[in-house]
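Work through the exercises below with the coordinates open, and attempt each task before reading its solution.

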Amino acid sequence: MENNLEFPENFLWGGATAANQLEGGFDCDGRGLSIADALPSGKKRFEIVQTPDFEWKIDENKYQYPNHLGIDYYHHYKEDIGLFAEMGFKTYRFSISWSRIYPRGDEQEPNQAGLDFYEKIIDECLKYKIEPVITLSHYEMPLILAKEYGGWKNRQLIEFFARYTKTVIESFGNKVHYFLTFNEINSASQHPIMGQGLIPSNGGNDKKNVFQAWHNQFVASSKAVKIAHDFNPNIKVGCMLLYATSYAYNSDPKNQIANLQNNQDFNYFCGDVQIRGQYPAYTKRLFAKYGFTKADLDITKEDLQELKAYPVDFISISYYMSTAIETTGITNEQVAGNLMGGVKNPFLEVSDWDWQIDPTGLRIALDELYDRYQKPIFVVENGLGAKDKVEANGKIYDDYRINYLKAHIEAIGEAIVDGAKVMGYTPWGCIDLVSASTGEMSKRYGMIYVDLDDNGQGTLSRKKKKSFEWYKQVISTNGRVL
Ligand code: BG6
């Protein structure tokens, strides 16, 4: 039965992936190592990297590194993009591995073989009229930049990133119209290793370094906007925020103010700078919370001018869950979540990985973001990480995934009715890939199943799940049949 939702005619339906989680080919054709290659697998991944003696090195006697193989997209991309086309994708969001283009990160000249690989990906997409959306940095800076330069807290990275961006834009800016700068830039408040390359031994536990790294990334983001617009004014550059809709646990004013500040500090701080082009009014309070002031950071007048001159063109978000804020001690029941946990919300169910499922939270997110910024919003990640079972007849009946996606698509439709301008929807891991938080393969998001287990065993063959046909219908009816 058809619904009454009205998605815009040019709505960008598709799917999203990240290089380090699917490509494999980690040492092919001159690619340098990235920080993702040195992340041990398993549920204790973040605990391990937080230990004081964690080092940037690969120790195969001690750990497994599933990102090295990914799902071997490096050698299967034609088949995979063909399947995306069969689902009717209008767009495909993927990331470029910075260390394929600049293997160390600090070179003057790029690695041509790396550029050739992405040219083939882009051409394969265009063959099917799939609009590529490219993330420039998705949790994988070149390892050398983290190891020898100390990650994003080092100002030199601005210049390295600008060089990399220029190379990418000059190579692909005539074929690709949408670029995102830093994936989930705000996630560094919980795990600075992923987006900033900061671990305890290079200062990752000092919040001042996290804010300095953010500042450098903000300036790099502005430079990326300038580089893109100078090359081709039709290119749109977006920021990418991890948005976890935040509720006060109850009407106690103490929880209300804590919730307001959580929104500012977590959901909005990075976006306020990247979208509005200036540090927000609450910055002083936020810095003070961690015991420093603006004078303790290296922020120049020229930086501030650059931020003002080149804000992003649109906002992109990942949305998986909401969070509840409780500061008065009435509950301590915790749940896990997308790179951040929190208090359990008694009104919500959780996924197998203990993430709270809340489609209405997505409607609220889109309404709040549009009210605040009046810029188009692209939902570039959303989905359910679940265990799939291949039945005796070879089929995978992933109705739980369909239900999750359906409810979230409805929420987007409702936000559009509310007045929010939403550009598109690219569910995460449209093809199964390695989990970012745990390195597991068994945490699956895809509409396409990949035969590979947590120990790297399997044929790597691809198989359509029930959700494949379902999503195909969603796209072909422009969201009218869910
Ligand atoms: C986001 C990331 O945090 O969520 C992705 O941008 C990640 O890289 C996705 O894979 C889902 O998280 P996870 O931990 O289940 O892979």
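The exercises that follow move from the whole chain to its core, the ligand shell and some single residues.

This is a predicted model, in which local features need pLDDT of at least 70 and side-chain atom pairs count only at pLDDT 80 or more, while totals for chains, interfaces and linings use all residues. Residues are numbered from 1 along each chain as its sequence is written.

**Exercise 1. Overall form**

Task: Compare the radius of gyration of the chain with that of a compact globule.

Solution: Begin with the rule, which is 2.2 Å times the number of residues to the power 0.38, the radius being taken over C-alpha atoms. For 482 residues a compact globule would have a value near 23 Å, and the chain, with 21 Å, agrees with this. Next, take the extents: the C-alpha trace spans about 65 × 55 × 50 Å along its principal axes. Then turn to contacts, which require C-beta atoms, placed from the backbone, within 7 Å of each other; among those with a separation of 6 or more, 75% join residues 24 or more positions apart. Finally, count the DSSP runs, with helices as H or I of at least four residues and strands as E of at least two, numbered from the N terminus; the chain has 15 helices and 16 strands.

**Exercise 2. The nonpolar core**

Task: Find which residues have the most contacts inside the largest nonpolar core.

Solution: First fix burial: a residue is buried if 20 or more other C-beta atoms, placed from the backbone, lie within 10 Å of its own, exposed if 12 or fewer, and partly exposed in between. By this count, 52% of the 482 residues are buried. A nonpolar core then joins buried Ala, Val, Leu, Ile, Met, Phe, Trp, Tyr and Cys residues through C-beta atoms within 7 Å. The largest such core holds 135 residues, and Leu366, Ile377 and Ile412 have the most contacts inside it. Helix α9 (residues 207–231) supplies the largest share, eleven residues. A second, separate core of five residues includes Tyr249, Ala324, Ile325 and Val343. Leaving aside residues up to four places away in sequence, the partners that Ile377 touches include Ile315, Leu366 and Val422.

**Exercise 3. An annotated position**

Task: Is Glu381 buried or exposed?

Solution: The starting point is the unreviewed UniProt entry, which places the feature "active site" at Glu381; such annotations may be inferred rather than shown by experiment. In the model, Glu381 lies in strand β13 (residues 377–381). Glu381 is buried, because 27 other C-beta atoms lie within 10 Å. Beyond residues up to four places away in sequence, Glu381 touches Ala16, Ser318 and Trp428.

**Exercise 4. The ligand shell**

Task: How many residues surround the ligand?

Solution: Apply the cut-off that the C-beta atom, placed from the backbone, lies within 6 Å of the molecule. The shell has 15 residues, the closest being Asn338, Gly385, Ser435, Ala436 and Ser437. Sorted by type, the shell divides into five nonpolar, seven polar and three charged residues.

**Exercise 5. Positive phi**

Task: Where does Tyr139 lie, and what is the phi of Tyr139?

Solution: Most residues other than glycine have a negative phi. Tyr139, in the loop between β3 (131–137) and α6 (143–147), has a positive phi near 55°. Tyr139 is buried, since 27 other C-beta atoms lie within 10 Å. Asp354 has a positive phi near 70° and lies in the loop between β11 (349–350) and β12 (356–357). Asp354 is partly exposed, with 13 other C-beta atoms within 10 Å.

How values were computed
Nonpolar A, V, L, I, M, F, W, Y, C, P; charged D, E, K, R; others polar. Contact = placed C-beta atoms within 7 Å.
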